[in-house]
Every structure is written in structure tokens, then in C-alpha cells.
Amino acid sequence: MPEQALIFEAIRTPRGKGRNGSLHGVKPVDLVAGLITELRARFPDMDPADIDDVILGVVSPVGEQGAVISRAAALVAGLPESVPGTQINRFCASGLEATNLAAQKIASGWDDLVIAGGVESMSRVPMGSDGGALFTDPATAYDLFIVPQGIGADLIATVEGFSRHDVDTYAVESQRRAEVAWNAGHFKKSVVPVEDFNGVTLLDHDEHRRPGTTTDSLGRLKPAFAALGKVAGFDDVALQKYVDVERIDHVHTGGNSSGIVDGAALVLIGSAAAGTRAGLVPRGRIVATAQVGSEPTIMLTGLEAEKDDITGVVITSAKKSFFAGGDLGDMTADPGDADKRDVARALTERIDGIKGVLRRLETLGRPVVAAINGAALGGGFEIALHTHHRIAADLPGTRIGLPEATLGLLPGGGGIVRTIRLMGIDAALAKVLTKGQQHSMAAATKLGLIDATVAGVDELIPAAKAWIAENPSAVQPWDVKGFEIPGGGPTDPAVAQNLLATTALLRKQLKGAPAPAPRAILAAAAECASVDVDTADRIETRFFVSLMTDRVAQNMIRAYFFDMQTIRRGTSRPAGHDTFTARTVAVVGAGMMGAAIAYVCARAGIEVVLKDLDQAAADRGKLYAEKLEAKALERGSTTAERSTALLDRIRPTADATDCAAVDLVIEAAFESVDVKTRIFGELDGIVPAEVVLGSNTSQLPISILADGVSRPENFIGIHFFSPADKMPLVEIIRGRETSDSTVAKVVDFVFQIGKTPIVVNDSRGFFTSRVIGAFLDEAMAAVGEGVNPVFIEQAGAQAGYPVPPLQLMDQVTLSLSQKIRKENERALASEGKPPRRHGSDAVMDKMVGELDRPGRAGGGGFYSYDESGTRTGIWPGVRASFDSGSTRIPFVDMQERMLFAEAIEAVKCLDEGVLTSVADANIGSLLGIGFPSWTGGVIQYIDQYDGGLSGFVDRARELASKYGAHFEPPQSLVNKALRGERVHTLVS
């Protein structure tokens with residue numbers, strides 16, 4: 001087997017202007033030497049003697065760039081004299097060719113570690129300085145129809161049908177993307193500032209960035225090559241070669257073309273063994289290299305020009321994942337004051353342009369194979385769907401799918417068009433599109449999304465080449481005349497019936513909540529199945545753009561992608577502490593919550609001591625895990641062996657000394673300071689001194705509980721949500737004396753068990769309980785005002801809450817909520833503070849006291865229940881007791897009373913320092929307490945409200961005038977609105 005050519009690092013200088021630029025005073029050899037020096041500084045354990053060669057591509061290898069500049073740069077940078085230095089000239093492909101050669105030398109075993117790349121100082125060695133037979137020998141140039149590169153570029157545009165507007169638009173978009181990427185810090189690691197020999201920075205940014213470029217400004221520029229083509233006669237030379245072209249449209253200018261630049265770029269490439277010796281971590285790998293020469297008059301790009309010279313195409317990735325989707329940062333960039341129609345038009349052109357390229361690949365006339373070496377999701381899998389055969393490495397944890405629906409989008413890169421033709425409309429909708437499932441490799445293969453699997457990544461390319469050899473005439477089934485969609489099209493009676501039923505089911509599932517994506521997916525599938533593929537691609541784009549420019553998708557992307565990324569990067573984890581891995585956890589309290597926590601830990605491979613007051617209670621706690629595993633075995637989602645191993649990891653006990661060897665304690669007992677203090681008092685002298693002491697409390701202040709232990713720095717809140725085996729969030733509460741080390745350990749533990757952590761500071765109710773309490777209070781207050789309870793529940797459901805408020809209140813129980821409220825009132829009184837007054841208080845007291853309706857667990861609350869515990873409807877006594885229906889309020893008011901109550905309480909949590917991160921607020925509200933997903937979270941809801949912060953403040957004041965002073969916006973929010981800020985941040 002050949003060696004893998006691994007990429008360990010890639011760096012470059014900033015791009016300086018080739019005319020009057022900041023790098024004009026720097027010799028080309030110094031540009032390269034500076035980058036080599038930077039590589040040595042980044043990898044101090046890399047022995048310079050291990051570098052076998054420096055291979056450099058140079059377009060004009062004359063003057064300062066001649067005489068093997070790579071050898072000179074290596075010596076200037078202090079590499080050993082044994083490094084030979086190799087120089088390559090392959091015109092504009094010189095740098096790439098240098099990289100190809102380096103990869104080939106590594107793969108062959110000739111070299112182990114190579115620095116490769118290119119340099120160009122066009123201000124010091126202008127283009128064309130090298131001359132040469134191809135350009136300056138009259139006979140050669142005449143016979144080969146040689147023309148300058150700019151004439152060739154204009155000829156390409158003419159042949160391919162690109163107008164001046166097309167080229168200008170592409171240039172504007174390129175400049176915009178470059179600016180967005182630069183400002184987002186994507187080049188921070190790869191771009192190395194150039195300094196002079198005194199250490200003074202000469203250039204630290206790309207000089208060719210022009211973020212203010214517009215199509216209007218570009219349109220005023222004159223074509224750069226028109227005079228050269230017409231006066232010097234080069235147009236006639238090209239047209240004598242291209243006899244079907246009437247004239248050349250000169251569309252390229254100095255503004256829409258690549259710049260004349262000074263700069264250098266290098267990659268460090270080597271074998272796995274070389275990387276191990278030097279402590280280098282691979283960032284990618286070079287799977288294959290290729291060379292192609294094009295005819296000299298025109299540098300035609302694309303596979304079509306090379307079709308006659310290839311037998312097929314293999315698409316794969318040098319990264320661990322195949323392709324994880326499109327650039328969401330780019331798609332969610334703030335459009336400013338741009339007209340929405342202009343944004344939609346530009347986005348449509350971009351998406352259709354990308355799909356046009358993929359369609360050309362799909363209809364190339366040669367077999368195309370996707371060699372999938374890792375996760376292929378979203379746009380990445382849509383690329384694979386354009387190939388004729390999909391082969392994947394069967395690797396643990398690899399996921400395949402189109403998850404766009406989970407971000408409020410639909411697959412807009414051909415995913416709908418192709419999955420309905422691959423699987424049939426019903427199957428594609430149910431198993432791929434509407435829910436955005438991410439499938440295991442086995443499931444994806446069974447569904448037909450993957451055609452074949454191989455055991456490892458090394459087998460992918462050979463398998464792909466073998467398939468190409470066996471299928472030289474491969475085409476997509478939908479490009480074969482007479483193709484019919486599996487199961488039938490939308491006009492087929494059975495399919496039409498199913499579509500109608502699916503529409504009704506979708507309406508039922510969404511409950512009227514703002515969720516445009518599932519509806520758009522359903523509509524797009526039906527429309528795209530009714531027309532040819534090319535038309536379907538355009539229809540799909542329209543639906544995608546309608547979602548992408550809508551606030552719901554923008555909200556969901558910001559939360560479920562960007563905010564989630566912030567949390568997964570461990571932003572709230574204190575830095576400077578070693579990664580903690582729990583081996584044995586004690587869960588104290590084997591009730592429903594404790595039993596579920598024990599199961600979650602065991603499922604993650606952690607040994608669990610499940611303790612309760614007596615052995616029988618502890619055994620009942622383990623029974624919870626046994627029932628879940630029995631169901632998993634029935635579904636076939638586990639094996640008997642794995643299930644037995646999981647259950648063996650849970651050890652029920654009534655003996656506290658069994659906790660002596662644990663490295664983490666989670667108490668999950670009744671919500672009582674006395675009960676919890678007694679538990680920790682018992683364990684305090686048993687568990688090791690460094691063990692984290694965690695309490696799964698949803699309300700009680702951590703600092704008060706920590707007073708009962710001898711090591712308050714080890715004490716912390718670890719708040720799971722019910723049912724703990726399903727709910728993905730854990731709220732970590734830092735007490736007054738909790739150490740950074742303890743917080744870091746618990747964040748690591750939460751990631752270890754596969755859940756999402758948010759970190760908050762101590763207060764009664766912390767963040768999540770305070771905010772969800774505001775939601776429930778507002779619904780109960782409306783009941784007390786005489787608002788119809790059915791109206792309240794419909795408002796909650798259609799606002800997007802997964803469980804309507806009165807139904808949820810029954811589940812959490814009114815009696816427990818009343819007890820917590822009274823405890824909070826006593827605490828406020830002890831601090832000399834007045835109690836909080838809310839319209840929900842009287843309703844809660846009457847329901848629990850006078851009406852004896854404590855909630856579902858107590859026989860009933862706002863709802864009635866049959867003997868099996870199933871809801872049968874609103875309890876008639878609610879209407880009689882509160883004169884339901886006597887008060888009518890606007891439907892939107894009821895919805896926004898709940899939404900605003902939670903949002904305002906969240907802002908107070910930020911103001912008080914309970915929350916320290918907007919990402920924690922948004923994700924905590926979405927994953928922990930069911931804030932409507934379309935909003936993007938409790939703070940994003942404020943940002944996206946009509947009119948931004950000012951609109952939210954105005955509406956809050958209106959609600960306050962109608963429903964109570966608790967809707968008055970916090971001063972921090974008012975201040976931001978007065979300053980004209982559009983987005984809520986932590987800076988007041």
C-alpha cells in the first residue's frame with residue numbers, strides 16, 4: 001500500500017498588490033523564508049533535518065525568482081544544507097503542481113516530510129518576464145494560435161455564455177464572501193503577517209479586498225483586453241481557431257478579474273510516521289493527484305473539456321467528514337437595509353448557479369462516484385446525490401442525511417428533487433425530508449441512500465474505480481427516457497390520497513405553530529415530482545429561498561447551529577483544567593429522576609452506585625433501566641449482550657459506604673433543604689476529598705445547600721430535566737463558593753453522557769425554573785381573569801409550545817409549585833423584601849386548597865383524567881369556578897403574554913448575572929423548557945421581534961398597560977433600544 005500524504009499545516013502571506021503594494025520592497029526569497037520560519041516556530045518538536053525537500057512552484061522563474069528560489073529560501077530560513085530545493089513551472093498551476101509532486105513523493109516513500117507551495121512577486125518580476133518559446137517564438141505562437149491570457153478568458157466567457165453582468169455579479173459576491181470570511185476570523189491562523197528585518201509589520205491583511213464593490217461601480221470600468229484583442233489582432237487569432245464564434249465579448253476588467261499580487265503560500269505534507277515523530281496532527285490528506293493540459297488558445301475549465309481523456313470521476317474528501325453542508329454563516333449574514341427581494345434574487349442566482357454545476361457533473365457522460373469517507377449531511381450529501389453511485393466507508397458514528405428541516409430549511413441543493421426520484425414521494429418525505437433524520441450507515445444503505453459500503457477509508461478509491469470500470473455508461477435513472485418515480489407521481493390516485501393525508505397529519509402535528517419548513521417540503525416534493533429534473537431544480541430553489549429569507553429559518557440557524565456550536569466548544573467551561581472523565585458515579589435517590597440519571601450514566605459506560613434509603617427502593621430504581629432496555633431489545637436497537645453489560649453497570653444499594661470509591665455524586669432526592677443536607681452530611685465523610693458533590697435541584701439555592709458540607713468548593717448544582725433519559729439539557733449551577741475546577745469537571749461529565757450543558761449562577765429557580773414559571777403564571781392568571789382555558793391552550797400550542805401551559809402545569813403539579821412559591825415568599829421576607837404578587841397566585845391557591853385539584857399526580861388539576869391517567873378534557877369545575885369565557889382578549893395577546901413573560905424574565909437573569917451567555921439562554925430555553933423552536937430561543941425572540949429591540953420594548957409597554965406591570969421592559973433593554981441597537985448582547 002502506498003503511504004498516505006497527510007497535510008499537517010497550510011499557511012500563506014497576506015496578498016499584497018502587485019502594483020504599489022506593501023510587499024513590493026520584500027524579495028520573493030524572503031516571503032518564502034518567512035513562512036518556513038513560521039512553520040518551524042509552530043512546530044518546535046519538528047527536527048529541521050527531517051525535512052526532505054522544499055518544492056516551490058513559480059510562474060516566472062527568472063531574476064529574483066530564478067536559480068531554484070526554493071533552495072535559497074530553505075537556507076535563509078535555517079534549514080540544513082542537505083535540503084535540495086526543487087522548483088517547478090507549470091504556468092498558473094505551478095503551486096498546485098508543487099503540492100502534487102510533494103504528495104507523490106510521500107506516497108511513493110521517496111520522501112517523508114516536505115514543504116511545498118508557491119511564490120509570486122509580480123511587482124518585482126512582472127508577468128511575462130520569463131518569455132519562452134510558447135509566447136515569444138513567432139513560429140510557435142503563430143502555429144498554435146497563442147493569445148494572451150486575458151483574451152482567452154474573454155473567449156471562455158463568450159463560449160460559455162457569461163455576460164458582463166454575470167462576471168461583475170460573481171466578482172461582487174466574491175468580494176463580499178472574502179470580507180465576511182476575513183471579519184469572521186477564518187484566516188486568522190493561516191495568514192502570517194510579513195515583517196521586515198527590524199520586526200516591523202509590513203502587511204497583515206489582503207490588499208485586494210474591496211468590500212464596497214458593487215455591480216454599478218464595476219459596470220463603469222472599461223474592458224481590460226478589448227484594445228489588445230481588436231487593435232493587436234488577438235481576437236482574430238482566437239476566432240480563426242474557434243470558427244463557430246462570431247465575435248469575442250470582452251467582459252473582463254481590472255475590477256472583476258484576479259488581481260496582480262505579491263505573496264507566497266506553503267503546505268507541510270508528510271507521512272503518518274513523520275507526523276508522529278514531530279508531534280504533528282493531520283488536518284487533511286491528499287487522496288489523488290492529476291495533471292491535464294488544455295489547448296493553448298483557451299484555457300477551458302471543467303470536466304467537459306477533459307471528458308475524452310478520463311474514464312470517470314471520483315468525488316471524496318481529505319477531511320474526516322465527507323462534507324457537512326453549506327456555509328450557514330454566509331447565508332445568515334446581516335443583509336442590512338437591502339431589499340428582501342434583492343436578497344432573494346441574489347440568493348436564487350447563487351443556488352441555481354451551484355446546482356447548474358452539479359447538474360453538469362451529473363450529465364457529464366462519464367460515470368461519477370461519491371467515495372464517502374465520513375459524515376455526509378445537508379449540502380454535502382446533496383453533492384453525493386448528483387453522482388451515479390455512492391460508496392461509503394462503514395465507520396462508527398458516521399451519519400448520512402438531509403437535516404435542513406431541523407434548521408427551518410429544506411434541502412435546496414437538489415435533495416428533494418433526487419430523493420423523491422430515488423425512493424418515491426412517500427418514503428422520501430417520511431424517512432428523509434420532513435423530519436431531517438440523520439441515518440446510520442446501515443439505515444442509509446437500507447433506504448437506498450448509499451449503494452455500497454466498504455470496511456475502511458483505504459478501500460474507497462479502489463472500489464470507486466472498480467465500479468467506474470464496470471459501468472462506463474452510467475447515467476442517473478431519471479435521465480433515462482421513460483423513467484417513472486417509484487410508487488407513482490402526485491397524480492397517481494394512491495399517492496394523491498397519501499399526500500392529502502400527510503397534509504392533514506402535518507397540520508395536526510404542528511398544531512398551528514409557525515413552522516413553514518415542513519409545509520414547504522411537502523409542497524416542493526409534490527411540485528418537483530410533477531416536472532422534469534431541470535425544472536424541478538429551479539422550483540426547489542424557490543422554496544429554499546423563501547425559507548432562507550424568512551425569520552424562522554434565520555432564528556433556528558442562529559440557535560441550533562451557532563449558539564449550539566458556542567456551547568459545544570465549551571465556551572462556559574473554565575479554562576486551564578485537565579479533562580475529567582467520570583468512572584464511577586453515585587446517584588443518591590432512586591425515584592424516577594434518580595433512576596433515569598443512573599440509566600443515562602450507565603448508557604455512557606459509567607459505573608453507577610444507585611443508593612436509596614432501603615434496598616427495595618434502590619432495586620425499584622434499577623427496574624426503570626431494565627424496562628427501558630427491554631423496550632430497546634424489542635425494537636432491535638440493542639443486543640442482549642450490550643443490554644446486560646449496561647444493566648450490570650448499575651449497582652443498587654442502601655449502604656452509603658458503597659459510595660466510598662466514586663468520583664462524582666449526584667443527589668436526586670425530594671426538593672427539601674433538610675433532606676438534601678442530611679444526605680450530603682452522611683456522604684461528606686465517606687467519599688474522597690476531591691469528589692464533586694452535585695445536587696439535582698430545580699429550585700433550591702446551591703449556596704444554601706453547600707453550607708451543609710465541609711467542602712463547598714466541590715459543591716454544585718446539576719439540574720437534569722424530566723425524563724432525564726430523553727431530555728438533552730443539563731443546567732449546571734455554580735454556587736457562591738463553587739470552584740472553577742468543579743465547574744469544568746461537571747461540564748466534561750455532561751458532555752461525556754451525551755447531553756448539552758449550560759452554566760448559570762446561583763439564585764432561587766436559577767434560569768430555567770424562573771423562566772418556565774413565568775410562562776405558567778401567565779396562563780393561570782388568564783384563567784383567573786375569566787379567559788376560556790381552551791383558548792389559552794390553543795394560544796400556547798399555536799405559539800409553538802410543545803405542551804400547552806395548563807396541561808404542563810398539571811404535569812409539574814400545582815401543589816409543588818405552590819409550595820415552592822411560598823418558600824420563596826418566606827425567603828424574600830427574611831431578607832426584608834416584599835413578596836412577588838401575580839394574578840396566578842389566587843388561581844393556584846384556589847385550585848389546590850378550595851377545589852382540591854393539585855395536578856395530574858393528585859387525581860386532576862385543570863384537566864380531568866380517567867383511571868389510566870389519560871386526559872379526558874378540561875375539568876368542568878374550571879369554567880364554573882373562574883367564570884371562564886366572561887373575558888375575551890385578542891388571540892395574539894394571549895400568545896405574547898406567555899412569550900414576553902419568559903423573555904423579560906430571561907433578560908432579568910442576564911441583568912442579575914444568573915446567566916452569563918446569550919447562547920446559554922437560547923439553548924437552555926429551547927432544550928430545557930420548551931420555548932418555541934421557531935423563535936431561536938428566549939433572547940433571539942427579542943432580537944427578531946418586529947422592529948427589533950425598540951419594537952419589543954414598545955409592545956412590552958402595551959402589554960403592561962393591559963395585563964400588569966410585570967411586563968414593563970427592564971431598563972437594560974430600554975437603554976439598548978434608545979441607543980438604536982438591534983441585537984441583545986450582554987453589554988448594557
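A residue counts as buried when its relative accessible area is under 20%, as exposed when it is over 50%, and as partly exposed in between. By that scale P477, with a relative accessible area of 39%, is partly exposed. The model discussed here is a predicted one. P477 sits in the loop that connects helix 19 (460–470) with helix 20 (493–510). Its C-alpha atom is separated by 54 Å from that of G594, a residue 117 residues apart from P477 along the chain.

A second loop residue, D206, is found between strand 7 (201–203) and helix 8 (215–219). The relative accessibility of D206 is 5%, so D206 counts as buried. Neighbours within four places in sequence aside, the residues in contact with D206 are R12, P14, R15 and W182. With R12, the side chain of D206 also makes a polar contact of 2.8 Å.

Helix 25 can be followed in more detail. This helix comprises the 21 residues 615–635, which at 1.5 Å a residue should span 30 Å; the C-alpha atoms at its ends are 31 Å apart, in agreement with that expectation. At the N-terminal end, D614 acts as the cap, with a side-chain oxygen 3.2 Å from the backbone nitrogen of A616. After the helix comes G636, which has a positive phi, near 80°.

The burial pattern of helix 25 is one-sided. Its buried residues are A617, A618, G621, K622, A625, E629 and A632. Because these cover an arc of only 155° around the axis, they lie on the same side of helix 25. The underlying geometry is that an α-helix has 3.6 residues a turn, so residues three or four places apart point the same way. R620, K627 and E634 are exposed, on the face of helix 25 turned away from its buried side. The cover over the buried residues of helix 25 includes two helices, helix 24 (592–603) and helix 26 (640–648), and two strands, strand 18 (607–611) and strand 19 (650–653).

The sheets come next. Strands of a sheet pair through backbone hydrogen bonds, either parallel or antiparallel. One open sheet has four strands in the order 10-11-13-16, and its pairing is parallel. Strand 10 (313–315) and strand 16 (452–454) each have a single partner strand and stand at the edges, so one side of each has no neighbour in the sheet. On average, neighbouring strands of this sheet are turned by 25° against each other, direction ignored. Within the sheet, four bridges join strand 11 (residues 368–372) to strand 13 (residues 389–393) in the parallel sense. A371 has I391, in strand 13, as its bridge partner.

Another open sheet consists of three strands in the order 12-14-15, and here the pairing is mixed. Strand 12 (376–377) and strand 15 (438–439) are the edge strands, each pairing on one side only. Strand 12 pairs with strand 14 (residues 400–401) in the parallel sense, over two bridges. In this pair, L377 is bridged to G401 of strand 14.

A further parallel pair is formed by strand 23 (residues 729–734) and strand 24, joined by six bridges. I732 has V759 of strand 24 as its bridge partner. Strand 24 (residues 756–761) is mostly covered, with five of its six residues buried.

Conventions:
Residues are numbered from 1 along each chain as its sequence is written. This is a predicted model: local features need pLDDT of at least 70, side-chain atom pairs count only at pLDDT 80 or more; totals for chains, interfaces and linings use all residues. Side-chain values use heavy atoms; hydrogens and water are left out. The expected span of a helix is 1.5 Å times one less than its number of residues. Buried means under 20% relative accessible area, exposed over 50%, partly exposed in between (1.4 Å probe, protein chains only). The arc is that of the directions from the helix axis to the C-beta atoms. Contact means heavy atoms within 4.5 Å. A polar contact is a pair of N or O atoms within 3.5 Å; within protein, one must be able to donate a hydrogen and the other to accept it, and residues adjacent in sequence count only if both atoms are side-chain atoms. Two strands pair if DSSP finds at least two bridges between them. Axes are lines fitted to C-alpha atoms, for helices over the stretch in contact, and angles run from 0 to 180 degrees between N-to-C directions.
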